[in-house]
Amino acid sequence: MAATKPKRGGKATPFDEMHLAGGGVRKAYAKYADWLHSAPPHLLQRKHEQADILFRRLGITFTVYGQEEGTERMIPFDIIPRILAADEWSHLEKGCIQRVDAINAFLHDIYHGQDIIHAGIIPAELALTNVAFQPQMLGVDLPNKIYAHIAGVDLVRVGEKDFYVLEDNARTPSGVSYMLENRQSMMRLFPELFANHAIAPVDRYTDHLLANLQAVAPVGVDDPTVVLMTPGVHNSAYFEHAFLAMEMGIELVEGQDLFVGENGVFMRTTEGPQRVHVIYRRIDDDFIDPLAFNPASTLGVPGMLAAVRNGWVTLTNAIGTGVADDKATYVYVPEMIRFYLGEEPILNNVPTYMLRNADDLKYTLDNLAELVVKEVHGSGGYGMLVGPSSTKQQIEDFRKRIIAAPGNYIAQPTLALSTCPTYVDSGVAPRHVDLRPYVLSGKQTRVMPGGLSRVALTEGSLVVNSSQGGGTKDTWVLRA
Amino acid sequence: MLGRTAGNLYWMARYLERAENTARLLGGTYRMSLLPRDDVGTSHSWESLFITDAEKQKFLDTHKTFAPAAVITYLALDLENPISIAASIRAARENVRATRHVLTAELWESINQTWLEIRAMTYADIKDMGQYEFFEWIKERSHLFRGIVHGTMRRGEAYDFWRLGSFIERAENTAQLMLAKVDSFQGPASRQENAVDFYQWGTLLRSVNAYKTYREIYRGAPEPRKVAELMILKPDMPRSLRSCIDEIFEILNRVRRNTESAQLADVQRAMLITGQVDKIFRSGLDRYLTNFRTSANHLSSQIQIDFMMVR
């Protein structure tokens, strides 16, 4: 468990990204604050409207599940950036790289020698009975021993130097297209701000991504064909899939476009079958191969697992990566860092109660109104309870679900997420934010400066997920 | 290029072309509806827009009469009607959405914008805007899409499949437009010089933007055989069957030699090159056009088999 105890949410004033507690503005925001305070209100309103038109015309949408089929919505974009100073960023950058390196080492280990289990650091049953553990991947050697080629580390800030990792998103993290489009839009809307700030650019992300994907091609392939595999146009992140494929200049394929043939995976083109070597797949393990996993899947490719095991094709992220990023394994990431890298963790974990332990379960059930409870395998803000902002009835309903299957849940203290000034109906007001930097591995582990800042637009809300009414902001990392 | 992507581009082009043609048809009919009935006859009534009995019946399932407002709404805005302009734009947009990574951002932006606008429209909006302006707006959007494609798209496979779809659909629509008026083409000779015909041929030509061309080539008032010759056989008339098939033949041979679809196009082209309007009329214009549509459908299926992994 993390050494420092985070501040609890609720009464205490959360950390303000822009303003100092005693008045005044933090250094990174100095120039921006001058601009903001001298900007007439109608200018902000106009920029806000322009941003809306820009995003709508570009068709930057996502699909909301559980609503009328094919409902497309825009993720609200906030015109006020979230700004990080060079030294703040450097700390986060090192911390993210450290975590992802440790996670990749863990994944290779767990599918090979399992040293970390033999050393008694991670309980065998936690890893091996995990639903995301794929025994079919045991003993399979992957290029450069990389499993999580693309990771999105969710960070929250509770104090000047206190950042916590909420989760590592090592399967198929989404949102990076918003990071890129947000920056494009901000440069179109506020060129003068870019002229007087030295903001680290993010637009080489797709170049780095493609280079990393090419670097993990099967051995002996000199000029690999890389494709991006999408579940299809109705997937919530389809826009992003198309965007990334276009930026990298690679084919955007669906399962129906691919087949496993003699010694390889092929795509059906206008000129006949063409071999593919690396598949950046944005489709879950369960759906990737109906012969090996969910037989009802029509999205996958029969024989894909066998192709991976034979080394004919590289899947990114690898099959079975999920075992490292579920909320129960998360607890052990600091131990992984010590075990594999021999380093002390740079970023904190949030103290986590494992409800499969009787003590933790009891504590949690006694303090539901104070805690955040999450499903071990949940994502996207679905199936979670935020105690302080829930009604008595919601808490009691959730209590029943926990008691029915305690092993499916973890609990964490409600963190006082930092706030950032945000343009809302009533003007500029503080709203809670998090940060998801994107970490690429393959050739060299690196992080784009910044990442996606998500903002909970409802006053007081701590849930930043787009599926739950969150918005996004451009994230500026200032050069030193 | 993925076969599926080629299919998306092909269908996107077809749907956009279809939207434009429906607008042309509606615009022509609207124009006629403004003239006194004695001068224009009834074959240009709103009912004539429905060519087959099945289409008529489908409309009457949900409407009492062929009232202008009902027909315009049905053919322009009704999303339940798969051939309406709005439904065509929606289908085109879905195809663009599935292939955005090979298209320019401008194209997506303009189609998306058009969809967002037409989706929100009611008949009252069309009336408010002016019916004529509405049809012009659709045509202008279509010109814009085509202009963006011509001006921004790399001359590669994507461009080729887009054009294939456009020309197949256009040929299909020209044949369909003539089939709808086939009775007046083949009417008794005595009827062919009255005012009704004058307006009919005028409208038909106008709806394919060929009125001026006709005057230029043939001079004098439109006559059925000459109109048919222009719309079927003239290689330099951009909506004629001949010019569409010429383009298709050229593209198919460039994309990949010796495909079955290229052979089919070759046969159709030969038929049009050697065609004579008098012979066509002798053996029956409707038969000729029906045969053409059948072979065009056949060609379209073969293109999908050859290139788009449709099996």
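Welcome to the tour, which starts where the two chains meet: chain A and chain B share 10 residue pairs in polar contact, both residues at pLDDT 80 or more. A polar contact here is a pair of N or O atoms within 3.5 Å; within protein, one must be able to donate a hydrogen and the other to accept it, and residues adjacent in sequence count only if both atoms are side-chain atoms.

Before going on, note that this is a predicted model, in which local features need pLDDT of at least 70, side-chain atom pairs count only at pLDDT 80 or more, and totals for chains, interfaces and linings use all residues. Residues are numbered from 1 along each chain as its sequence is written, chains are lettered from A and ligands numbered from 1 in the order in which they are written, and side-chain values use heavy atoms, with hydrogens and water left out.

**Stop 1: the interface of chains A and B**

Select helix H2 (41-58), helix H9 (238-248), strand S8 (251-253) and S10 of chain A: these are the elements that give two or more residues to the side touching chain B. Helices (H or I, at least four residues) and strands (E, at least two) are DSSP runs, numbered from the N terminus. Which of these elements gives the most to that side? H9(A) does, with 5 residues.

Widen the selection and you will have 24 residues of chain A in contact with 26 residues of chain B, where contact means heavy atoms within 4.5 Å. The two chains bury about 2200 Å² between them, 46% of it on carbon and sulfur atoms. Buried area is the accessible area (1.4 Å probe) that two parts lose on being put together, summed over both.

Now pick Glu254(A) and Arg4(B), which form a salt bridge with their closest N and O atoms 3.2 Å apart. The rule finds 2 salt bridges across this interface; it asks for a side-chain nitrogen of Lys or Arg within 4 Å of a carboxyl oxygen of Asp or Glu.

**Stop 2: a three-stranded sheet in chain A**

Stay with chain A and show S9, S10 and S11. These 3 strands form an open sheet in the order S9-S10-S11, with antiparallel pairing. Strand S9 (258-261) and strand S11 (272-276) are the edge strands, each pairing on one side only. Two strands pair if DSSP finds at least two bridges between them, and 4 bridges join S9(A) to strand S10 (residues 264-269) of chain A. Zoom in on Phe259(A) to see what stands opposite: Phe266(A) in S10(A).

**Stop 3: a long-range link in chain A**

Next, select Lys327(A) and Glu167(A), whose side chains meet in a salt bridge (3.9 Å, N to O). The pair links distant parts of the chain, 160 residues apart: Lys327(A) is in the loop between strand S13 (314-316) and helix H12 (333-341), and Glu167(A) is in strand S6 (residues 163-167).

**Stop 4: the two domains of chain B**

Finally, colour chain B by its domain assignment (automatic or from a database): domain 1 is 1-153 and domain 2 is 154-311. Their C-alpha centres lie 20 Å apart. The contact takes 36 residues from domain 1 of chain B and 35 residues from domain 2. About 3300 Å² is buried between these domains, with carbon and sulfur atoms giving 59%.

How many salt bridges are counted between domain 1 and domain 2 of chain B? The count is 5. For a salt bridge within chain B, select Arg239(B) and Glu17(B), whose closest N and O atoms are 2.7 Å apart.
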